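Me: I've got a structure open and a few labels in it puzzle me. Can we go through what earns each one?

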Amino acid sequence: MCIGFPGKIVSIDQDNYAIIDISGTRREVCLDLIDEPVTIGDYVISHAGYAIHRIDEELAKDKLDLLKELLENEIH
Amino acid sequence: MKFIDEYRDPSLAKGLLDRIVKLSKQINETVTIMEVCGSHTYAIGRFGVRKMMPENIRLVSGPGCPVCVTSIHDVDVALHLAAQKNVIFATFGDMLRVPGTHGNSLQKIRAAGADIRVVASAADCITLAEANKNREVIFMGIGFETTTPTIAATIMACCKKGIPNFSVFSAPKLIPPAVKALIEDPSLNIDGFLCPGHVSTIIGANAYEIIVQAGRAAVITGFEPVDILEGIFMILTQIVEDKKTVAIQYSRGVKPEGNPRAREVMMSVFYPGPSEWRGLGIIPESGLAIKETYQAFDALKKFTVPETHSVEIKGCCCGNILRGVITPNECPLFRRTCTPLNPVGPCMVSSEGTCAAYYKYH
Ligand code: SF4
């Protein structure tokens with residue numbers, strides 16, 4: 001039930017609700033619980049009608065590259 | 001799909017699996033890893049992770065499905081509230097088919113005339129209450145730390161808007177006290193925990209220090225196959241190197257400090273108290289009740305609930321399933337009288353329930 005899904009912010013209204021795009025599906029989520037400023041184009045994780053986390057794209061990419069590198073280089 | 005497909009890459013999964021096999025050969029004993037989150041249980045079943053594991057790596061499921069751990073008493077109270085006159089009872093869909101004492105369920109009483117609505121968010125109740133001003137909307141407030149801030153934010157929004165006909169039957173639960181109970185249970189011997197991704201989005205990494213202090217490994221893990229395999233790999237690394245820490249595999253979804261704002265919202269509406277878990281019994285400080293400031297939104301204050309004598313379902317072993325003591329195959333009713341179409345216990349109802357996941361994928 002704690003399912004959360006990543007989506008991209010398409011618009012934000014004056015009541016602090018955002019429309020997010022989850023590969024083609026659009027949903028409305030409330031931004032009241034997110035703990036850092038977000039803007040259009042940001043990816044957020046949403047759960048039960050609320051965005052709960054902003055995904056740091058750079059960090060995610062770096063981490064994935066690092067994993068690929070580790071696996072390729074047989075470090076372990 | 002961005003932030004999903006990359007974590008389903010077969011070559012990454014294969015690479016991780018090879019490392020898991022290598023590491024497992026460096027360990028002589030059986031390693032027991034528990035996933036605490038129902039979404040992990042579901043994903044492990046769906047992607048066949050359990051079957052991929054080397055012989056000495058055992059994956060067991062814990063109490064991570066909020067519907068499953070809701071006590072039968074709370075189910076009975078929900079059934080009572082939902083049957084009241086002039087009430088619209090709003091709930092997450094998973095709760096509908098969970099049987100209470102005498103086999104009643106929200107679905108059954110709905111068929112008999114109760115007005116029960118399935119909502120995707122507590123916030124949906126705001127519109128529902130505004131559109132039905134002469135009726136009482138009650139929301140079934142179950143969930144862990146991921147969901148509870150959303151319930152709290154909804155209560156705060158209703159308070160601000162002055163909505164008088166909305167209340168919550170508060171039955172949420174907190175994960176760390178349950179993890180502590182599992183560590184202390186002598187019948188269990190868990191070497192490492194795959195800690196729940198989205199609960200940790202809110203509570204952060206510190207909350208799991210108790211695991212490390214007890215000498216077990218802890219890795220906060222995401223929900224895609226690469227995430228889960230990397231989580232297992234990280235646990236095995238901690239065991240082989242004998243260096244236990246709370247590590248974050250799911251760093252794209254979890255910051256070490258969690259989400260303090262969501263916690264603040266949650267704790268301005270709720271306060272911790274004892275809570276009864278199916279299978280684990282009453283655990284101190286593991287539940288949340290509504291503070292006095294918001295008691296106008298507390299269904300248990302607004303409505304009188306008579307003393308109910310709740311009785312566990314006969315023959316159902318959900319209690320032991322939720323503690324990871326047995327697997328569904330060991331329940332005599334599994335696949336025989338108990339199936340997803342005809343669930344005897346809650347673990348067969350929700351798709352995140354261990355019995356339902358085993359039924360579908362094993
Ligand atoms: S198989 Fe059915 S009866 Fe057995 S423990 Fe699971 S839910 Fe309960």
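Reply: Sure, let's take the ligand, the cavities, a pocket and the interface in turn. Keep in mind that this is a predicted model.

Me: What makes a residue one of those around the ligand?

Reply: It needs a heavy atom within 4 Å of the ligand. The residues that pass include Cys316(B), Cys317(B), Cys318(B), Cys331(B), Cys338(B) and Cys355(B). Also among them are Ile321(B), Leu333(B), Phe334(B), Val344(B), Gly345(B) and Met348(B).

Me: How is that shell divided into nonpolar, polar and charged?

Reply: Eleven are nonpolar, one is polar and none is charged. Cys counts as nonpolar and Gly as polar, so Gly345(B) is the polar one.

Me: Which cavity does the ligand take up?

Reply: The second largest, with a volume of about 80 Å³. Of its 13 lining residues, those closest to the centre are Cys316(B), Cys318(B), Cys331(B), Cys338(B) and Cys355(B). By class, the lining of this second largest cavity has twelve nonpolar residues, one polar and no charged.

Me: Why is that space called a cavity and the other kind a pocket?

Reply: A 1.4 Å probe fits in a cavity but cannot get out, whereas a pocket is an open set of points. The structure holds four cavities of 30 Å³ or more.

Me: What is the volume of the largest cavity, and what lies closest to its centre?

Reply: About 100 Å³ of space lies in there. From a lining of 13 residues, Lys63(A), Leu64(A), Tyr7(B), Gln249(B) and Arg252(B) are the closest to its centre. Helix H1 (57-73) of chain A and helix H12 (225-240) of chain B each supply at least two lining residues. H1(A) gives the most, five residues. The classes here are seven nonpolar, two polar and four charged.

Me: And the second largest pocket: what lines it?

Reply: That pocket has a volume of about 360 Å³. Of the 20 residues lining it, Ser170(B), Pro274(B), Leu288(B), Ala289(B) and Leu300(B) are the closest to its centre. Elements of chain B giving two or more residues include helix H5 (72-82), strand E6 (166-170) and helix H14 (299-302). Strand E10 (270-277) gives the most, five residues. The pocket's lining has nine nonpolar, six polar and five charged residues.

Me: How do you know that chain A and chain B are in contact?

Reply: Contact means heavy atoms within 4.5 Å. By that test, 32 residues of chain A are in contact with 49 residues of chain B.

Me: What makes up the area the two chains bury?

Reply: Together they bury about 3,500 Å², with 64% of it on carbon and sulfur atoms. On the chain A side, Met1(A), Cys2(A) and Leu33(A) supply 22% of the area buried against chain B, more than any other three residues.

Definitions and conventions
Residues are numbered from 1 along each chain as its sequence is written. Chains are lettered from A and ligands numbered from 1 in the order in which they are written. This is a predicted model: local features need pLDDT of at least 70, side-chain atom pairs count only at pLDDT 80 or more; totals for chains, interfaces and linings use all residues. Side-chain values use heavy atoms; hydrogens and water are left out. On a 1 Å grid over the protein atoms alone, a cavity is a set of points where a 1.4 Å probe fits but cannot get out, and a pocket is an open set with protein on both sides within 12 Å along at least five of seven lines; lining residues have an atom within 4 Å of a point. A molecule sits in a cavity or pocket if more than half of its atoms lie within 2 Å of its grid points. Grid points are joined across faces, edges and corners, and a volume is the space filled by probe spheres set on the points. Helices (H or I, at least four residues) and strands (E, at least two) are DSSP runs, numbered from the N terminus. Buried area is the accessible area (1.4 Å probe) that two parts lose on being put together, summed over both.
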